[in-house]
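Please look over the sequence and the structure shown below before reading on. The report that follows is meant to be read alongside them.

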Amino acid sequence: MRFTPVKTKYKLTPESVDSVSEDVSSFLVGLKTQKKNIIETRLTVEEILLNLMDRYGREQEFTYIKNNSFGKPYISISLYAEQFNPLERGDGDEFGDWSSALIQNSDYSPSYSYDKGVNTVTIRFSKKEINPIIKLFASIVAAFLVSLLRFAVPYESIVYIKESVLDVLYNAFLGLMTTVEIPLVFLSVTCGIIGIGDSSVFGKIGRKMVLRFIAVMLFFTSFAGVVFSMFFTNLRGNDGAGLSLKVGFEMLFDLIPENLIAPIVSGNTMQIVLMAVIIGVTLVILGSKAKTISSIISEGNRIIVYITGLITKLLPFFIFVVLLDMIWSGDIKTFLNMWKPVVALAAVLTFLLVIMLVAVSSREKVSAKLLIKKMLPTFLIGIGTASSIAANGESSETLNRRLGVKKRFVDFGQPVGSVIFMPSTAITFMVCAIYFSSYYKLSISVSWFIIAIIICVFIAVATPPVPGGAIAAYTIIFSQLGIPSKAVAIVIALDILFDFVATAFDGAFLQLELVRQAEENNMLNYETLRKE
C-alpha cells in the first residue's frame, strides 16, 4: 500500500478523537490488517486521546502523524506539555502499565516517549506480507532448478561457483547474524530484567505473572529435553549418570568471565546472559539514579531488533543458497532426514498441550472438549499464518468472551505473554540442539543438558519478534553448545515450518495459562467459561 505521509494538528475534542480513530481504522484496512486488530487498535487510540483530554482539558492542541519508516508504517500522537504517559494505569496498579519495555517493540503495541517537552505515543504496524510457506517453496524450487546446471556446465565451473559464490554468500550471511547476536542477547535480557523489576512497569500481579511464565517454560523445556534425549541419544559424558559436586562448581565458575571484554571476544552466551542479569538488577536497584542508562539500553534494544529484522528479510535467498550448496555437495539427505525432529516436536507439543488441557479442565470443572472448541479458531490462525500478531485479535476475544478471563487481565497478560511466554519456541530450540548433537555424535553430559535448557529458554524470550528472528537464536545456541555451524544452515531451511507449529501451540499454551492465572487472581468468570 502506498500512501502520502500525513501530519495534522487537532484540538483535543470528542470530534477530533472520532476523526483520528476513524482515520486509523481506514489506514489499517488499507494495510489489509485483520479486523479484530483494527478494532483493538482503534479503541487503543481512542483511550489514549481521551486520557490526554482528561489530563489537559479540551482545546489542547496535538499532532497526528501517519507515516512510513523504512517500509514499516506507523502512526504517532504528540503533544507539547508537561510529562504525562497516557498509557500508564496509575500508581499502585497491581498489573503495571502498557508501556513496559518488554512489549514496546511488538507491532500494534503503543510506546511512549518524552523529549524536549513533547509527549509522543507511537504505534507501529506490520504490512501484509507473502505467506512464508510460499517463500520457502519458491526457494526450494529455485534451488532444485538451478542445481540442474551441473548437467550443462563443466564440473570445474560448479566447484568454482560453490566455493567462490555460494560459500562466500553463506559465510557473509552468518557473519551478519553473528555480529548482532551478542548485543541482541545482552540488550534483550537486560531490558527484560529492568522491566520485570521496575514497580512502575510491573505491579505485584504483573511480576508474578512474568515469573510464572518463565517457570512454566523451564519445566516444559526440561521435560521435552528428557523425551528428546530418549528419541535421539542418551545422556553421557564425563559427568557420569549424575551431576557431581565438582562438575556443578565447574559450571558455576565457568559463568564468571575473566573481564568485561572476554565474553564478547569468545562469544560465551552464558557469561553474556550473566552480565546482562547483573547489570539489569543493578539498574533496577539504582532506579531513577540510572534512568538515563536504562533509557539508552532500551533504545539500543529497539535498534538491534530492527537491524535483525532487516537482515532476516534476506532469509528466502539464504535458504536458496543453502539448499543449492547442499545439493551440489551431496548433503541433501541430511536435510531430508529432518522429518525426525519435526515429528518429535509435534508429538511432544501435542502431549504437553493435552496434559495442560486436562489440568485446566479438571481444576476449573469445564469440559476439555468445550475448551478445544473455544480455542480452535485461534490455533488455526496461528498454524495458518505463523503470525502471533494475526492471531492476537482472535485470541483476546476468545480469552475474554469465551473463556471468561476478565478484560483487564487479558489486556495486560496477552501482550506480555506474547513476548515472554514462548514454551513451544524454547522446545523447538531444544529438539534441534539435541538432534544435531546426536547427528554429529557429540558427547551429551548432564551439565551440557542443563546449560542447553537455560540457553533455550532465555534465547526464546530474547528472540526478536520478526520473521526469521530465530536465525540469530540458532547461531547462538549451536555455538554455545559446540554444535557445528553446518547445522545452522540445515535447520534454518526448515525453521519456517517450525515457526508455524510453534506459533499455534504458543498461542494455545498462553490461553490456558492465562485461564489458570486468572482463576488464582479472582479474575475468571466461571459462567462464561462453562457456557456452551
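This report describes selected helices, cores, loop residues and salt bridges in a predicted model.

**Nonpolar cores**

The largest nonpolar core contains 121 residues, and the members that touch the most others are Phe228, Phe436, Ile477, Phe478, Val491 and Phe509. Helix α19, which covers residues 486–520, gives the most to this core, with 18 residues. A second core is separate and has 26 residues, among them Leu31, Val45, Leu49 and Ile77.

**Helix α16 and the residue that follows**

Helix α16 runs over residues 423–439 and has 17 residues. At 1.5 Å a residue, the helix should span 24 Å, and its end C-alpha atoms are indeed 24 Å apart, so expectation and model agree. The helix is mostly covered, as 15 of its 17 residues are buried.

Just after α16 comes Lys441, with a positive phi of about 60°. Lys441 is placed in the loop between α16 and α17, the latter being residues 446–462. Is Lys441 buried or exposed? Its relative accessibility is 71%, and the cut-off for exposed is over 50%, so Lys441 counts as exposed.

**Another lysine with positive phi**

Lys116 also has a positive phi, near 50°, although the residue is not glycine. Lys116 sits in the loop between strands β4 (111–115) and β5 (118–124). With a relative accessible area of 75%, Lys116 is exposed.

**A buried serine in helix α1**

Ser25 belongs to helix α1, which covers residues 14–30. The relative accessible area of Ser25 is 11%; buried means under 20%, and therefore Ser25 is buried. Leaving aside residues up to four places away in sequence, Ser25 touches Ile38 and Arg42.

**Salt bridges**

Side chains of opposite charge can pair when their charged atoms come close. In this model the count comes to twelve salt bridges. Three of the pairs are listed here with the distance between their closest N and O atoms.

| Pair | Closest N and O atoms | Relative accessible area |
|---|---|---|
| Arg55 and Glu82 | 3.9 Å | Arg55 40%, Glu82 44% |
| Arg402 and Glu397 | 3.9 Å | Arg402 27%, Glu397 24% |
| Glu513 and Arg516 | 3.7 Å | Glu513 0%, Arg516 24% |

Which parts of the chain does the pair of Arg55 and Glu82 link? Arg55 lies in helix α2 (residues 35–56), whereas Glu82 lies in the loop between β3 (72–80) and β4. The two residues are 27 residues apart, and their pair links distant parts of the chain. Arg55 is partly exposed, and Glu82 is partly exposed as well.

In the second pair, Arg402 is partly exposed, and Glu397 is also partly exposed.

The third pair lies in helix α19, where Glu513 and Arg516 are three residues apart and therefore separated by about one helical turn. An α-helix has 3.6 residues a turn, so residues three or four places apart point the same way. Within this pair, Glu513 is buried, at 0% relative accessibility, whereas Arg516 is partly exposed, at 24%.

Glu513 and Arg516 also take part in a network of salt bridges, in which they are linked with Arg212, Arg363, Glu519 and Glu520. Helix α19 thus appears twice in this report: the helix gives the most residues to the largest nonpolar core, and it holds the pair of Glu513 and Arg516.

Notes: Residues numbered from 1 in each chain as written. Predicted model: local features only at pLDDT ≥ 70, side-chain atom pairs only at ≥ 80, totals over all residues. Heavy atoms only, no water. Helix = DSSP H or I, 4+ residues; strand = E, 2+ residues; numbered from the N terminus. Expected span 1.5 Å × (residues − 1). Buried < 20%, exposed > 50% of the residue type's maximum accessible area, 1.4 Å probe, protein only. Contact = heavy atoms within 4.5 Å. Core = buried A, V, L, I, M, F, W, Y, C linked by side-chain atoms within 4.5 Å. Salt bridge = Lys/Arg side-chain N within 4 Å of Asp/Glu carboxyl O.
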